[in-house]
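Q: Please take one part of this structure and walk me slowly through it. I would like a close look at how the pieces meet there, residue by residue.

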Amino acid sequence: RALNALLPEDIKVRAAYQVPLSFDARRHATSRTYRYLILNRPTPSPLRRWTTHWVPGWLDVEAMARAAQYLIGTRDFARFTVPSYHRSTVRRLDRWDVWREEELVVQELKANAFLPQQVRRMAAMLVEVGRGTLPESALLDFAEGRWELPTPPILPAHGLCLVRVNYPDFPPGLGDSHDA
């Protein structure tokens, strides 16, 4: 309660745990879940401009959901990150769900780790699948080098939100992705 009294209204502490001094929040995480929100309607929303990315044309969410499944598994995601990234680019994508909630199209991804700009680049290509300008296999073809793009598209950061980070031996159920 003491921490929450000091924090701004849009940030709250739900629980706190004592960890060893050797604990590293980034390196000890076993998975992360991100959510990208797309406002899919004819006009933008001034109230949602910082939390969603507006796409005016109707998106085929079913095609997007099918296309997202092509990248599930362990693979090299180098083509979805910045060219200067010099560490391993192999990641395990556990889940990529896409669904519609009225005028919102939600993309939720869970992986052991993500590369810089990876989620926003993959989400951008998935939007193009939803628009019908790319085939459902485009993301896999691009990831595996069978298809070239001059510059891979990238969506703005304001639709992206980290909703959960999992750690070994962390209490299950705390911070489930749907109650961020």
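A: Let's settle the labels before anything else: helices (H or I, at least four residues) and strands (E, at least two) are DSSP runs, numbered from the N terminus. With that in hand, glutamate 102 can be placed in the loop between E4 and E5. The model is a predicted one, in which local features need pLDDT of at least 70 and side-chain atom pairs count only at pLDDT 80 or more, while totals for chains, interfaces and linings use all residues. Residues are numbered from 1 along each chain as its sequence is written, and side-chain values use heavy atoms, with hydrogens and water left out.

The part I'd pick is helix H3 and its surroundings. H3 covers residues 118-131, and its axis comes within 8 Å of that of helix H2 (residues 61-68), the two crossing at roughly 135°. Those axes are lines fitted to C-alpha atoms, for helices over the stretch in contact, with angles running from 0 to 180 degrees between N-to-C directions. H2 and H3 are therefore oblique to each other; under 35 degrees would be roughly parallel, over 145 roughly antiparallel, 65 to 115 roughly perpendicular, and the rest is oblique. H2 passes H3 in a right-handed crossing, that is, with the near helix turned clockwise from the far one by less than a right angle.

On the H2 side, Ala63, Met64, Ala67 and Ala68 meet Leu126, Val127, Val129 and Gly130 of H3, where contact means heavy atoms within 4.5 Å. Sorted by type, the residues of this contact are seven nonpolar, one polar and no charged. In that sorting Ala, Val, Leu, Ile, Met, Phe, Trp, Tyr, Cys and Pro count as nonpolar, Asp, Glu, Lys and Arg as charged, and the others, Gly among them, as polar.

Now let's follow H3 itself. Glutamine 118 sits in this helix, and it is buried, with a relative accessible area of 1% (buried is under 20%, exposed over 50%, partly exposed in between, with a 1.4 Å probe and protein chains only). A polar atom of the glutamine 118 side chain lies 2.9 Å from the backbone nitrogen of leucine 115. Setting aside residues up to four places away in sequence, glutamine 118 touches Phe77, Phe80, Arg91 and Ala113. Its C-alpha is also 8.8 Å from that of isoleucine 154, although 36 residues separate glutamine 118 and isoleucine 154 in sequence. Just before it in the chain, glutamine 117 belongs to the loop between E5 and H3. Glutamine 117 counts as partly exposed at 27% relative accessibility, and it has a positive phi of about 70° although it is not a glycine.

Phenylalanine 80 makes a good next stop. It comes from the loop between E3 and strand E4 (90-101) and counts as buried at 0% relative accessibility. Beyond neighbours within four places in sequence, its contacts include Gln117, Gln118, Arg121, Met122 and Met125, and also Leu139 and Phe142. The C-alpha atoms of phenylalanine 80 and arginine 120 are separated by 8.7 Å, with their positions 40 residues apart along the chain.

Strand E5 (residues 104-111) contributes glutamine 107, which is buried with a relative accessible area of 0%. The side chains of glutamine 107 and tryptophan 96 are joined by a polar contact of 3.2 Å. Here a polar contact is a pair of N or O atoms within 3.5 Å; within protein, one must be able to donate a hydrogen and the other to accept it, and residues adjacent in sequence count only if both atoms are side-chain atoms. Leaving out neighbours within four places in sequence, glutamine 107 is in contact with residues that include Met64, Ala123, Leu126 and Val127. Met64, Leu126 and Val127 also appear in the contact of H2 with H3.

To finish the tour, look at leucine 155, in the loop between helix H4 (138-143) and strand E6 (160-166). Leucine 155 is buried, with a relative accessible area of 8%. Outside its neighbours within four places in sequence, it is in contact with Tyr36, His53, Arg120, Ala123, Ala124 and Val127. The C-alpha atoms of leucine 155 and valine 127 are 9.2 Å apart, with their positions 28 residues apart along the chain.
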